[in-house]
Amino acid sequence: MQGSMSKDVMTTLVVSAALIWALPLMVSTYTLTILIIYGMLGLSLGLIWGFGGIICFGQAAYFGLGAYTYAIAAINFGESTIPMLLAVIVPAIFAALLGLMMFYGRLTDVYLGVITLVVMLILFKFINSTAGPQYVIGNARLGGYNGIPGFQTLNVPGDPSAYIWGDAYFYVCAVMLALVFILVSALLRSSFGRIAVGIRENETRMSLMGYDIRARKTILFSIGAAIAGLAGALFANWSEIVTPSLFSLRQSAEIIIWCIVGGFSNRVGPIFGAAGLAYIKILLGQQSMVDNTLIMGIILVVFVLFLPKGLVPAVAELWNISFGRRKRGASRSGRRVRNRGKANG
Amino acid sequence: MSLNRRTFLKGTAATAGAAILPNILSAAGDTIKLGSVLDTSGGFDAYGKPMEMALRLAVSEINEAGGLLGKQVEVVAYDTQSDMALYSQYGQQLTREDKVDVVHGGILSASREAIRQTMRKTNTPFFYNVLYEGGVCDRNIFINGVTPAQQAAALVPYAMEKTGKKVYILAADYNYGQITARWIQKFVEENGGEVVGVDFFALDVSDFGSTIAKVQTAAPDLVIAPLVGGAHLSFFRQWAAAGMKDRIGLASTTMGVGNEHKVLTAEEGNGIMVAYNYSQELDTPANNAFKESWSAAYGDSSAIHELAVSHYQGIKTWAAAVALAGSMDRDALINAMESGLSIEGPAGNLSVDPQTHHAVLDVHLMEIENQGMRVIETLPQQQPIDTQSVCDLQANPDDNTQYEIEI
Amino acid sequence: MDLSAVIFIEILYAVASLIMISAGLAVVFGMMKVINLAHGEFMMMGGYTTITAVNLGVNVFVAMLIIAPLIVGLIGLVVERLVIRHLYGRLIDTMLATWGLSLFFIGIVTMIFGNTTTGISTPIPGFTVGNYQINGYNFFIILVAIALVILLYAVLKGTRAGLIARGTMQRPDMAASLGYSPDRIYMATFFCGSALSGLAGAVLAPLVGLVPTSGAAYIAKAFITVIAGGPSLIAGLVSSSTVFGIISQTFSFAVSPVMGEVALLVAAVVLLRLLPQGVTGKFFKGKL
């Protein structure tokens with residue numbers, strides 16, 4: 001990562017402004033909104049897995065938790081500002097508690113994966129079995145398998161009847177993603193972020209240097225959950241219904257696939273991976289020649305075999321090879337990915 | 001800037017959309033556009049695929065007969081891949097970009113609720129042609145599947161008379177199962193019986209060993225099982241494998257909707273009592289003609305199931321209403337639908353109930369026999385009494401809720 | 001009294017079916033440190049193979065115990081050569097690649113067999129315990145599971161092939177210098193693991209309605225059981241299956257099957273929190 005933070009912010013602002021202006025000319029804003037939301041979800045996993053080395057198979061849990069928190073709170077409050085805040089806070093607290101349990105229990109690599117997966121499945125099974133009339137929070141029926149429809153969608157803060165929807169909602173989501181992106185950049189540039197990367201590279205070394213690894217991992221995990229929760233709340237506003245499938249294995253799998261295809265250890269990779277694959281999925285639904293699951297499967301296998309670092313780093317490297325001087329940073333980060341794979345195995 | 005960005009945006013979006021979609025033949029408005037959202041891949045495609053076939057069959061029949069109002073009907077179909085988020089996506093796409101005249105589709109109740117408000121906001125008439133839990137009250141939607149009261153009112157007295165008064169209910173744990181279980185309970189008590197136990201199962205439960213032992217402890221005369229989907233099919237198999245079939249009677253309000261009885265062997269399935277709107281074994285001229293044209297289009301007619309026929313009948317009802325209305329205007333269509341419209345479908349006579357926008361239809365009491373459904377008795381023209389008790393769109397046309405019916 | 005006998009049999013059955021479900025995954029993970037997330041789909045294909053064979057007129061037991069493991073083992077072999085081979089030592093990458101494979105297989109099977117539920121009926125009649133009827137097929141599954149564990153133990157402990165396999169897993173470089181090709185041993189192991197998955201799918205097929213997406217129901221359970229079992233292959237498999245089987249079945253009887261599954265998951269979280277390396281990370285250390 002070269003350059004200063006202010007340059008980083010400027011680049012982000014210019015690029016995102018250009019994209020926000022240009023993309024609606026090609027794709028409808030309604031589709032773009034969901035791509036942005038998935039991008040944010042991808043970024044949340046990219047942050048904790050790619051930069052923190054926390055293997056999380058259950059990122060969908062925080063996405064779903066954010067969406068459900070928003071839906072339940074929106075029904076009870078009848079406006080959207082407090083629910084939006086809650087949708088960020090509740091998943092963050094939940095993840096912090098889970099993180100405390102996991103990281104202070106000295107759980108590492110694949111065992112983390114199992115615990116996060118299992119916690120997600122528990123949430124899924126619980127929400128799935130709340131169809132009966134006894135499961136009520138305030139005025140909100142949890143609804144079980146059928147989910148919760150018909151809640152208050154996003155409104156201008158303070159004025160519950162002024163809905164933000166359609167094109168305006170797209171701009172809100174786009175700005176949110178840009179903000180989250182800048183915050184993530186700032187976080188990674190801070191000493192906290194650099195230490196997090198250090199922990200990913202070598203936990204023992206960092207703990208011998210006197211850093212409290214467990215607390216730092218917990219905080220990072222919780223930040224990732226907060227971002228996923230925000231994405232969940234935005235999703236709830238977009239789809240106007242929340243269902244337990246948000247917590248499903250399939251949703252979690254998709255998040256991981258996005259990150260793999262985009263590339264884990266950089267900030268833009270997961271976003272583009274998510275948006276690109278979600279768009280492919282939407283396009284695939286319009287044809288019936290080939291089974292869609294089959295295509296997603298092939299994409300994943302091909303990427304793991306031939307582009308294990310993901311598309312964005314590969315393109316960047318190609319760019320460097322063909323147009324630029326070979327930067328030391330590029331080859332270094334390449335080796336780092338390889339080491340990570342080994343360290344986990 | 002002199003170029004109006006909004007119009008430019010719309011123009012490009014439309015061209016991009018048309019370029020992507022292979023099944024839009026012409027962009028101009030010389031056809032009637034019928035939007036379809038069904039799960040034709042993923043976990044629910046056992047329901048969705050035959051429904052899609054029924055849709056294509058109905059539309060080609062309409063077009064062969066000269067189309068509607070002198071125009072051909074064009075299908076704009078999306079596969080929602082058993083993913084609820086894609087329903088939201090394609091619902092928007094159908095109404096905002098493709099600007100279809102009507103939408104037929106949705107399978108699970110969650111999928112219906114995901115798009116119902118979009119259809120309402122954009123004034124696109126919406127037909128949900130599936131058996132479901134009842135209670136939806138919305139002027140913009142028409143529903144022609146049987147509801148729990150229609151089924152249970154027919155099934156429970158028959159099954160109790162045949163077996164006995166003590167009933168155990170095993171239901172799928174979601175909206176449909178919960179509500180159906182309550183209706184069954186009500187009819188059991190009305191008929192002088194007693195419910196000795198109710199259990200609910202999440203849709204992915206596939207091991208019923210402990211349940212079968214539990215049922216035996218309660219020693220009922222009859223088990224009624226509104227269980228749903230592939231995993232729950234295991235119950236019927238394990239029930240037979242434990243040798244329970246000859247000891248305790250078994251009835252269901254869902255088994256067979258997706259042709260599940262063709263998966264069970266004859267020994268496993270024989271004697272299970274069900275009640276639906278349609279059976280392949282219905283020996284009526286309308287059904288024989290329907291099966292013939294299905295075979296002509298797809299080779300053989302074994303894929304036909306309850307939901308496919310519902311979907312077929314929904315499209316035919318819509319076509320009849322358009323012809324009657326004489327225009328594609330939404331209010332004219334709704335008025336035509338509410339005029340006491342009725343059609344003769346493969347499953348018998350079906351008429352639209354103006355008060356609830358649900359259907360008045362024949363319910364057939366049947367028993368599974370050699371992987372078919374033998375019709376025992378036909379209860380003609382059953383009213384959707386559950387929804388009628390809460391919903392009156394004539395008195396209150398702005399209603400927009402799914403009622404939870406108090407029993 | 002009758003009821004407790006029934007409950008006892010059901011618990012035994014739950015343990016046995018967990019062992020069956022997890023065995024294939026445990027072999028591949030325990031020996032090669034590869035987590036095969038397409039395991040559920042291997043089971044699903046075992047089921048489809050059995051059903052196809054039975055419909056072609058093959059005896060149901062031959063189809064379940066011989067044909068299905070063979071066919072699925074061969075599929076596993078092809079997968080190993082084409083994909084897994086390139087990813088040894090990269091745990092996360094193999095998980096992702098096999099996840100992709102699982103989607104791929106779901107797609108293929110959907111295109112071949114369609115998505116309608118299929119199945120065969122159980123070949124063994126019901127069984128009476130006092131006033132209760134139980135599924136006679138449960139006993140068959142219990143028997144197969146016991147035979148499986150004994151066979152695994154015998155092969156790994158008693159035969160030369162098992163010795164070579166264990167040696168290679170511990171020190172591939174040493175095995176190679178002694179003239180055994182790790183590549184071929186990995187290949188053979190993956191074949192065996194896949195065959196076990198196929199066997200499990202085949203044996204469980206008569207109890208369920210099979211769809212191409214059936215595999216998803218097994219993979220999470222198998223994954224949890226194997227990880228909670230820890231490093232020792234057989235001891236881990238049996239001990240964690242026993243713990244989870246008893247817990248889930250007890251809750252199924254006391255509350256409902258859904259609570260049984262939730263109890264299993266909660267137990268897994270607690271177990272891993274207390275024993276971060278799995279059951280055999282603490283007990284039965286160094287055992288097979």
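Student: In chain B, what is the order of the strands in the open sheet of 5 strands, and is the pairing parallel or antiparallel?

Tutor: A strand order is read across the sheet from one edge to the other, whatever the order along the chain. In this model, which is predicted, the open sheet of chain B has the order β2-β1-β3-β4-β6, with parallel pairing. Strands β2 (72-79) and β6 (141-143) of chain B stand at the edges with a single partner strand each, so one side of each is left without a neighbour in the sheet. From one strand to the next, the twist averages 20°.

Student: Which helix packs on the sheet and touches β1, β2 and β3 of chain B, and what angle does its direction make with that of β1(B)?

Tutor: Here one looks at the contacts and at the direction together. Helix α3 (residues 84-97) of chain B packs on the sheet, where it touches β1 (31-38), β2 and β3 of chain B, and its direction makes about 175° with that of β1(B).

Student: How many bridges join β1(B) to β3(B), and which residue of β4(B) is the bridge partner of His104(B)?

Tutor: It helps to follow one strand and look to either side of it. Strands β1(B) and β3(B) run parallel and are joined by 4 bridges, with Ser36(B) standing opposite His104(B) of β3(B). Strand β3 (residues 102-105) of chain B also pairs in the parallel sense with strand β4 (residues 126-128) of chain B, over 2 bridges, and there the bridge partner of His104(B) is Phe127(B).

Student: Which residues of β3(B) point one way and which the other, and are they buried or exposed?

Tutor: Side-chain direction is read residue by residue along the strand. Val102(B) and His104(B) point one way from β3(B), whereas Val103(B) and Gly105(B) point the other way, and all of them are buried.

Student: How many bridges join β14 to β15 of chain B, and how many residues lie between the two strands?

Tutor: For a hairpin, one reads the pairing and then the turn. Strand β14 (residues 359-369) and strand β15 (residues 372-382) of chain B run antiparallel and are joined by 8 bridges, among whose strands Glu367(B) stands opposite Arg374(B) in β15(B). The two strands form a hairpin with 2 residues between them, and Asn370(B) in the turn has a positive phi of about 45°.

Student: Why can α6(B) be called largely enclosed by the rest of the structure?

Tutor: One counts its buried residues and then asks what covers them. Helix α6 (residues 175-190) of chain B has 16 residues and reaches 23 Å from its first C-alpha to its last, close to the 22 Å expected at 1.5 Å a residue. Of those 16 residues, 12 are buried, so the helix is largely enclosed by the rest of the structure; among the buried ones are Tyr176(B), Trp183(B) and Phe187(B). The cover includes α4 (109-121), α5 (148-162), β7 (166-172), β8 (194-201), β9 (222-224) and α13 (385-388) of chain B. After α6(B) comes Gly192(B), whose phi is positive, near 80°.

Student: How many residues does the contact take from chain B and from chain A, and which element of chain B gives the most?

Tutor: An interface can be read by residue count, by element and by composition. The contact takes 33 residues from chain B and 33 residues from chain A. On the chain B side, α1 (5-20), β2, α3, α4 and α6 each supply at least two residues, and α3(B) gives the most, with 9 residues. The residues on that side divide into 16 nonpolar, 12 polar and 5 charged.

Student: And what does the side of chain C that touches chain A consist of?

Tutor: The reading is made in the same steps. This contact takes 35 residues from chain C and 36 residues from chain A. The chain C side draws two or more residues from α4 (91-113), α9 (215-229) and α11 (257-274) of chain C, and α4(C) gives the most, with 15 residues. By composition, that side divides into 25 nonpolar, 5 polar and 5 charged residues.

Student: Over which residues of chain B is the pLDDT below 50?

Tutor: A chain average should be read beside its local values. The mean pLDDT of chain B is 87, and 93% of its residues reach 70 or more, but over residues 1-28 of chain B the pLDDT is below 50, in a stretch that has 23 contacts in the model beyond near neighbours in sequence. Where pLDDT is low, the predicted coordinates should not be read in detail.

Technical notes: Residues are numbered from 1 along each chain as its sequence is written. Chains are lettered from A and ligands numbered from 1 in the order in which they are written. Two strands pair if DSSP finds at least two bridges between them. Axes are lines fitted to C-alpha atoms, for helices over the stretch in contact, and angles run from 0 to 180 degrees between N-to-C directions. Two residues are in contact if their C-beta atoms, placed from the backbone, lie within 7 Å. The expected span of a helix is 1.5 Å times one less than its number of residues. A residue is buried if 20 or more other C-beta atoms lie within 10 Å of its own, exposed if 12 or fewer, and partly exposed in between; C-beta atoms are placed from the backbone. Ala, Val, Leu, Ile, Met, Phe, Trp, Tyr, Cys and Pro count as nonpolar, Asp, Glu, Lys and Arg as charged, and the others, Gly among them, as polar. pLDDT is the predictor's confidence in each residue, from 0 to 100.
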